[in-house]
Protein chains: 2
Amino acid sequence: MKLKRPTLLIDKEKCLQNIHKMKEKAERQGVKFRPHFKTHQSAEVGEWFRNAGVEAITVSSVTMARYFASHGWKDISIAFPVNFAEADEINMLAKTIRLNLLIESMEAFVFVEDNIKSKTGIFIKIDAGYHRTGIPVDDHENILILILEILHAHHHEFEGFIVHNGNTYHAGNTDEIQRIHHESISKVNSLKAFLDLHDIHPKISVGDTPSMSIISDFSGIDEIRPGNFVFYDVMQQNLGSCGFADIAVVLACPVVAKNTDRNELVIYGGAIHLSKDFITDNDGNRIFGLVVFFDKSGWQEPLPNTFVKSLSQEHGIIKTTPEQLKNIKIGSFIGILPVHSCLTVHQMREFSSLKGERITTYLSC
Amino acid sequence: MKLKRPTLLIDKEKCLQNIHKMKEKAERQGVKFRPHFKTHQSAEVGEWFRNAGVEAITVSSVTMARYFASHGWKDISIAFPVNFAEADEINMLAKTIRLNLLIESMEAFVFVEDNIKSKTGIFIKIDAGYHRTGIPVDDHENILILILEILHAHHHEFEGFIVHNGNTYHAGNTDEIQRIHHESISKVNSLKAFLDLHDIHPKISVGDTPSMSIISDFSGIDEIRPGNFVFYDVMQQNLGSCGFADIAVVLACPVVAKNTDRNELVIYGGAIHLSKDFITDNDGNRIFGLVVFFDKSGWQEPLPNTFVKSLSQEHGIIKTTPEQLKNIKIGSFIGILPVHSCLTVHQMREFSSLKGERITTYLSC
């Protein structure tokens, strides 16, 4: 395969393993698997899930829901608060597939009731500790009032609660991820006990990849919605969700300059390719990606003491060692393991398989 | 105009003013104006420059150079180190337009000499303090050796030096920006004095928007290449390069949820729309955008004590005051002034004029 510019390579075998592993775990634990497709954003990668027996999916926008519906998906949750301006699109879509919407206020549900005339499922977003969005999990009374309103609605069915513990991304270790998850489930269980008294039995849908990768006890959960696990990334490896060998995408970048005084490489590969997410190492360095060499079967483990230290629009600057610097030639391609694969995929808008086949997403031209 | 989703609005009048002001300044100072088009990335916005009398431009990739060449631009500098893998595309392009390439090592120039058979202009990238890329400005001997090699080449003409003082973006105030600029020019002047002894008289091309907006004395400069000034953004306002009223793009976003406990709004507008660049305020808050209301003629000044505090893939979280929270309804659209307009444009890949006309970029489908 002849590469010309920054190219997002996908290792299908690794993806299939990641899909298989999470699917198996869900089955073993007796929970429904409704993977989030916002990470790969691709009909073709979606087929790999379908071939593994997946039938229900999660997306994060109406646009993405329409794309996957047009590729044969018939059971889609939009895990993002209803955007009133897209009522027409939601109505159209809900006529043809099972569409679940997310709301987190009476105001939003009243809008849905008045404007969405096709049948939908309704999930309520619950804030069980992340404090980004959702109704606080301990606000039992208001949650009950909202559920009763939904239960009285003509076109809409109450599905349950969507919980996303995005705070696991700020955890220091896997113990903390487990603690965040179990504390959140414990609060959700109190809410469920309260609703039980009113004979209301919501489904509990949880989401984040760190928890879903690390915990082994899925008690109290009915459905899981991880997304990132299909590719993983440096952030997930750093959190303990995966090993380097599980990361299934890499950005191939041409080396365009070297600086021997500073032991730095310049690559064609910047913020417009990788996105600006970073992790911070123990020395306080911001790490925007790790560096790998390619071999016949794909790519190797990251080079030691070597990382992307900064990104401009098209430039990436790699800090490395004098020894590695000697091994890398201007004009050669090296691989960058992304810190946040969802955003890198969104930037690149298409993949190349290891054999050079183009794999498109909902944003490919 | 009926908005449905996050939409990047452009205020043409403000752009035209920004273009006019920089063009005037260049003329007054007697320097060539070769604006960087990586900020707007748009043939149509390019026409506004052409109408203002601009004939030569700067871009940051071969892909962008091809796009603008196909829209009639005949004098283009690619201010990014030559990517060897695109030699064929460079050869093709250099047959039809005046193409200037950027190199920063003998290795890169030898590749160009051996592989680029169409005539090009060659700029050498000089590092005058930013330490991202380029040959150190005080490495007089190696710079001379490289220039002599270029002067002996058949197909290539030595143009001069490209300097980009990106470190002005980290300046604390406008005095510091002036100091960085003048120190850099003073080092370049020493290099010029040395080359003068060898009867070599390079053009000096400088770039960054903060310096070009703030300094009033362009001595020692032959050409300026600012890009961001066409739109400016919150980062530039914060640096002192512009006022809020000069910012010419805004991301219109639907409000999808409110949290009265935390005085927060949730918008449909996240990292995939704005990019993750931020500035840090005096209280240590990371600010990913400022919030404006729309009116009949466009948008107003930013709301006080209100800012985008975090971004996920599609979500933006806005911190505001109880008073403002009351004024903003779920379902309404508010405007977000971007922190870094170049990256926001790249994310959105098209604009809407204030009248609702679509304006495309080189990445529009």
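Start with how the two chains are related. In this predicted model, a turn of 180° with a shift of 0.0 Å along the axis lays chain A on chain B, at an RMSD of 0.0 Å. That is what a two-fold axis does. If you want to find the axis from chain A, go to A:Cys365: of the C-alpha atoms in chain A, that one is nearest the axis, at 2.5 Å.

Next, the interface. Which surfaces do the copies use to meet? Of the interface residues of chain A, 100% are interface residues in chain B as well, so the two copies meet through the same surface. Chain A puts 41 residues into the contact, and chain B puts in 41 residues. On the side of chain A that touches chain B, the elements giving two or more residues are a mix of strands and helices. The strands are β4 (75-81), β11 (249-259), β12 (264-268) and β19 (315-319) of chain A. The helices are α5 (106-115), α10 (271-274) and α12 (341-348) of chain A. Sorted by class, that side of chain A has 20 nonpolar, 11 polar and 10 charged residues.

Now the single chain. Chain A has 22 strands and 12 helices. Its radius of gyration is 22 Å, and the globule rule gives 21 Å for 365 residues, so chain A is as compact as a globular protein of that length. The C-alpha trace of chain A spans about 70 × 40 × 35 Å along its principal axes.

One helix pair to look at, in chain A. For packed helices in general, the description is the angle between the axes and the distance between them. Helix α3 (residues 62-70) and helix α4 (residues 87-96) of chain A cross at roughly 30°, and their axes come within 11 Å. Angles under 35 degrees count as roughly parallel, and α3(A) and α4(A) are therefore roughly parallel to each other. The crossing of α3(A) past α4(A) is left-handed.

Which residues make that contact? From α3(A) they are A:Val62, A:Ala65, A:Arg66 and A:Ala69, and they meet A:Glu89, A:Ile90, A:Leu93 and A:Thr96 of α4(A). By class, the contact has five nonpolar residues, one polar and two charged.

Chain B, for the record. There, α3 (residues 62-70) and α4 (residues 87-96) pack at about 30° with axes 11 Å apart, and α3(B) passes α4(B) in a left-handed crossing. The contact residues are B:Val62, B:Ala65, B:Arg66 and B:Ala69 on α3(B), with B:Glu89, B:Ile90, B:Leu93 and B:Thr96 on α4(B).

Terms used
Residues are numbered from 1 along each chain as its sequence is written. Chains are lettered from A and ligands numbered from 1 in the order in which they are written. This is a predicted model: local features need pLDDT of at least 70, side-chain atom pairs count only at pLDDT 80 or more; totals for chains, interfaces and linings use all residues. Copies are superposed by least squares on the C-alpha atoms of residues with pLDDT of at least 70 in both. Two residues are in contact if their C-beta atoms, placed from the backbone, lie within 7 Å. Axes are lines fitted to C-alpha atoms, for helices over the stretch in contact, and angles run from 0 to 180 degrees between N-to-C directions. Helices (H or I, at least four residues) and strands (E, at least two) are DSSP runs, numbered from the N terminus. A crossing is left-handed if the near helix is turned anticlockwise from the far one by less than a right angle, and right-handed if clockwise. The radius of gyration is taken over C-alpha atoms; the globule rule is 2.2 Å times the number of residues to the power 0.38. Ala, Val, Leu, Ile, Met, Phe, Trp, Tyr, Cys and Pro count as nonpolar, Asp, Glu, Lys and Arg as charged, and the others, Gly among them, as polar. Angles under 35 degrees count as roughly parallel, over 145 as roughly antiparallel, 65 to 115 as roughly perpendicular and the rest as oblique.
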